[in-house]
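Trainee: Could you take me through one small part of this protein in detail? I would like to see what surrounds it.

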Amino acid sequence: MKRILVVMAAGALSMLSFSASAEPQQLKQGDTGQLRSAGTVSVSGADDFQDLQNKLAEKAHQEGAKGYVVNSASGDNKMFGTATIYK
């Protein structure tokens, strides 16, 4: 019984540490739950939309965001875009 409790406690603690260092989640407009808007980030020079999303996620992570919503994305040879970050 004691062994089960120790394993469950270790699992819970590992989940907490993982969530604290996790990358921000891309959210959909209106799916922000109880998170509050904390500003915007912008990036440019992305090779494609996936690269743009990765760059926006990295910038949101640098700002300490838990999530972000892509507001705009455009470009021909290189893409640029903006996202609202949520904490």
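Mentor: Happy to; let us look at Ala65 and its surroundings.

First, a word on the source: this is a predicted model, in which local features need pLDDT of at least 70 and side-chain atom pairs count only at pLDDT 80 or more, while totals for chains, interfaces and linings use all residues. Residues are numbered from 1 along each chain as its sequence is written, and side-chain values use heavy atoms, with hydrogens and water left out.

The mean pLDDT (the predictor's confidence in each residue, from 0 to 100) is 80 for the protein, and 75% of its residues reach 70 or more.

Ala65 sits in the loop between helix 2 (49-62) and strand 3 (67-75); helices (H or I, at least four residues) and strands (E, at least two) are DSSP runs, numbered from the N terminus. Ala65 is buried, at a relative accessible area of 8%, where buried means under 20% with a 1.4 Å probe, protein chains only. Setting aside residues up to four places away in sequence, Ala65 touches Pro24, Ala60, Ile85, Tyr86 and Lys87, a contact being heavy atoms within 4.5 Å.

Ala65 also belongs to the largest nonpolar core, which has twelve residues, including Ala60, Ala83 and Ile85. Such a core is a set of buried Ala, Val, Leu, Ile, Met, Phe, Trp, Tyr and Cys residues joined through side-chain atoms within 4.5 Å. Two or more residues each come from strand 2 (37-46), helix 2 and strand 4 (79-86), with helix 2 giving the largest share, four residues.

Note on methods
Buried means under 20% relative accessible area, exposed over 50%, partly exposed in between (1.4 Å probe, protein chains only).
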